Amino acid sequence: MRKIFTIILPVIVSCALQAQTARHSSKIPYRLWYKKPAGAVWEQALPIGNGRLAAMVYGNPGNEMLQLNEHSLWSGGPNRNDNPLALASLPEIRKLISAGEYKAAEKLSDKVIISKTSQGQKFDPLGNMWISFPGHDKYSDYTRELLLDSAKVNIFYTADGIRYHREMFSSLTDSVIVVRLTANKPGSLSFSVGLNSLLPDCRVSVLRPGLLQITGRNTDHEGVKGILNFNGLLSLKAVSGKVTNTDTSIVVTGADAVTIRFTAATNFVNYQNVSGDPKAIAAKRLSGSENKNFEQLLKSHALAYKKYYDRVTLDLGDNTRDEIPTDERLKEFAQSTDPAFAALYFQYGRYLLISASSPGGQPANLQGIWNNKLLPPWDSKYTININAEMNYWPAEKTNLSELHEPFLKMVNELSQTGRKTAKDMYGARGWVAHHNTDIWRTTGAVDAAFYGTWLAGGGWTSQHIWEHYLYTGDKRFLSKNYDVLKGAALFYVDFLIEEPTNKWL
C-alpha cells in the first residue's frame with residue numbers, strides 16, 4: 001500500500017501545480033466554434049432552443065438557414081395502440097415459456113401483444129427560415145460559435161470588405177427565436193427572408209409589410225389521421241433602408257441593422273385535447289416580444305438561462321485549447337492533454353437539456369427538440385427502455401431539477417393511459433407502459449415481441465419521481481405522485497407469476 005501511495009502522491013502534487021499554473025486560462029467561457037459554415041449538413045448546424053421553439057443554425061453566409069421545430073408538432077392525434085388479444089393468450093404464452101418453447105412464445109406474442117394499429121407517432125419538423133444574401137457566397141475571416149454561458153449563436157464573416165455579424169437565440173422568456181443582423185458599414189444589409197415547410201397544406205403569406213405567416217398541419221402516420229394545425233409568424237424591423245415584400249417573402253435593401261422575430265404554436269393542449277388556437281397564441285407571443293428591442297430581449301433571455309446554467313461550474317484546468325476550432329479539437333482529443341474539453345462536453349450536455357426541456361413543455365425526445373426529417377430515426381419519439389431516461393439522468397445531478405418537470409409530467413400522464421393497457425391486455429391493476437411512447441401517451445407494445453413485450457416502462461420511469469423527491473425533499477410533490485408509484489407497483493403484484501423450478505417471480 002505504501003508503494004502505491006508513493007507513486008500516486010507525486011502525480012497528485014504535479015497535477016495540482018499544473019492546474020495552478022493554468023488557472024489564469026481556465027475561466028475562458030465554454031463555446032463550440034468553427035471556421036466554416038455547416039453547408040447542407042444538419043448535424044453540423046448549431047442548436048438553439050427554449051423548450052418550446054428550436055432551431056438548427058447553419059451559418060451559411062450567402063444562404064442562411066434556420067431549421068425550425070415546435071415542441072408539440074407531432075404526427076397523428078389522440079389514439080390508443082393496445083392489442084385486445086393479449087389477455088386471453090397469456091396462459092398459452094406462459095405455458096410455452098415454461099416448456100422452453102421460446103420461439104413459439106415469441107411468434108404468438110407478435111400476434112397477440114404487439115400493436116396491430118399504430119407503432120407510435122413521430123416528431124414532425126415545422127419548416128425552415130431562409131435568408132438569402134446576394135454576393136455573400138464569397139467571404140473570408142469566417143467564424144461561427146455557440147456560447148454556452150449565454151445560449152447565443154454568433155456568426156462573423158467579411159464580404160466585399162464589410163464585416164457582418166449575425167446573433168441568434170431562442171428566448172426563454174419571450175417565446176420567440178430572435179435573429180439580429182448588423183454590419184460595420186451603414187446601409188450594407190440587403191437580403192430577402194422567407195419560410196417554407198415539408199408538411200401538408202403548407203401556405204406562406206404576407207400579412208402586412210414586414211410580417212410573414214406560415215400555416216399547415218401535421219402528418220398522418222400509420223393509420224392515425226393528423227389533426228394538428230400550426231401557425232408561425234415572422235416579423236422584421238429594420239434600422240433605415242427599405243423594406244418591401246413579394247407574395248411570400250420580405251425584401252430588405254440598404255439597412256443598417258435588422259431584427260427578425262419568429263414564433264409558432266399548434267392547437268395541441270394536451271394528449272387528450274387539441275382545441276387550442278394556434279393563430280391567437282402565436283400572435284400574442286409575437287406582440288409581447290415586440291415591446292422589447294433586441295438588447296432587452298437578449299438581456300431577459302440570458303438572465304433566465306444563466307439562472308440554470310450558472311448553478312454548476314466544472315473547472316478541469318487549462319482551457320487555452322479553445323483557440324482550436326471545436327471539430328479540430330475533437331479530432332485531436334485522444335492524442336492531446338485537454339481535460340477542459342471534457343468540461344466543455346459536460347456543460348454542452350447541460351445546455352442541451354436547458355434548451356430542449358422547459359417546465360410546461362414536452363420532454364426532450366430522442367433528438368431533444370431538433371428534427372429536420374419527415375421520417376426521423378425511430379420516429380424521434382420517447383424510447384422509454386433507456387433513451388428517454390438517459391436524457392434526464394443529469395437533471396437532478398447537475399442542478400437542473402426544474403427541467404425534469406416535463407418528463408415527470410409525462411410519467412404522470414402515462415400512469416393514466418397505462419391503466420387501460422394494464423387492465424385490457426394483462427388483467428392487472430395499476431398501470432403499465434412498454435418500450436415506446438409519444439406525445440399522445442400511448443402505452444401499447446410496438447415493433448416486435450423480441451423487445452416490444454418489455455413491461456418495465458412504468459417501473460423504470462417511476463423511479464424518476466422518487467429521484468426528484470430525494471433531491472428536492474418536496475413532500476407535496478411526492479404526495480401528488482404517490483398514486484403513480486403505487487400503480488406501477490400494483491401492476492407487478494398482479495402480473496408476476498411464480499417460476500416453477502426456482503420459485504422466482
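## Sheet, salt bridges and cavity in a predicted model

Val-243 has Val-252 of strand E15 as its bridge partner. This contact belongs to a predicted model, and it serves here as the point of entry to the sheet.

**The sheet**

Strands E14 and E15 are antiparallel and are joined by four bridges. The connection between E14 and E15 is a hairpin of three residues. On its other side, E15 (residues 249-255) runs antiparallel to strand E10 (residues 189-196), with five bridges between them. One position in this pairing is Leu-189, which stands opposite Ala-255 of E15.

These strands are part of an open sheet of seven strands, ordered E2-E3-E4-E5-E10-E15-E14, with antiparallel pairing. Strand E2 (46-49) and strand E14 (242-245) form the edges, each pairing on one side only. From one strand to the next, the twist averages 20 degrees. Strands of a sheet pair through backbone hydrogen bonds, in either a parallel or an antiparallel manner.

Elsewhere in the sheet, five bridges hold strand E3 (residues 53-57) and strand E4 (residues 63-70) in an antiparallel pair. Within this pair, Ala-55 has Leu-68 of E4 as its bridge partner.

**Salt bridges**

Side chains of opposite charge can pair when their charged atoms come close. The structure holds 23 salt bridges. Three of them are set out below with their closest N-to-O separations.

| Salt bridge | N to O distance |
|---|---|
| Glu-64 and Arg-166 | 2.9 Å |
| Asp-141 and Arg-163 | 3.4 Å |
| Arg-217 and Asp-201 | 2.9 Å |

Glu-64 and Arg-166 form a salt bridge with the closest N and O atoms 2.9 Å apart. Glu-64 is in strand E4 and Arg-166 is in strand E8 (residues 162-170), so this pair ties together parts of the chain that are 102 residues apart in sequence. Glu-64 counts as buried because its relative accessibility is 1%, under the 20% limit. Arg-166 is likewise buried, at a relative accessible area of 2%.

The side chains of Asp-141 and Arg-163 meet in a salt bridge at 3.4 Å. Since Asp-141 lies in strand E6 (residues 140-147) and Arg-163 in strand E8, the pair ties together parts 22 residues apart in sequence. Asp-141 is exposed, with a relative accessible area of 53%, whereas Arg-163 is partly exposed at 24% relative accessibility.

The side chains of Arg-217 and Asp-201 also meet in a salt bridge, at 2.9 Å. Arg-217 lies in strand E12 (residues 211-217) and Asp-201 in the loop between E10 and strand E11 (203-208), and the two residues are 16 residues apart. Salt bridges with shared partners join Asp-201, Arg-217, Asp-220 and Lys-225 into one network. Within this network, Arg-217 is buried, with a relative accessible area of 19%, while Asp-201 is exposed at 59%.

**The cavity**

Rolling a probe the size of a water molecule over the atoms shows where empty space is left. The structure holds one cavity of 30 Å³ or more. The largest cavity contains about 40 Å³ of space. Its lining consists of His-71, Trp-74, Phe-123, Ala-356, Gln-362, Pro-363, Asn-365, Gly-368, Ile-369 and Tyr-382. By residue class, the lining of the largest cavity comprises six nonpolar and four polar residues, and no charged residues.

Notes
Residues are numbered from 1 along each chain as its sequence is written. This is a predicted model: local features need pLDDT of at least 70, side-chain atom pairs count only at pLDDT 80 or more; totals for chains, interfaces and linings use all residues. Side-chain values use heavy atoms; hydrogens and water are left out. Two strands pair if DSSP finds at least two bridges between them. Axes are lines fitted to C-alpha atoms, for helices over the stretch in contact, and angles run from 0 to 180 degrees between N-to-C directions. On a 1 Å grid over the protein atoms alone, a cavity is a set of points where a 1.4 Å probe fits but cannot get out, and a pocket is an open set with protein on both sides within 12 Å along at least five of seven lines; lining residues have an atom within 4 Å of a point. Grid points are joined across faces, edges and corners, and a volume is the space filled by probe spheres set on the points. Ala, Val, Leu, Ile, Met, Phe, Trp, Tyr, Cys and Pro count as nonpolar, Asp, Glu, Lys and Arg as charged, and the others, Gly among them, as polar. A salt bridge is a side-chain nitrogen of Lys or Arg within 4 Å of a carboxyl oxygen of Asp or Glu. Buried means under 20% relative accessible area, exposed over 50%, partly exposed in between (1.4 Å probe, protein chains only).
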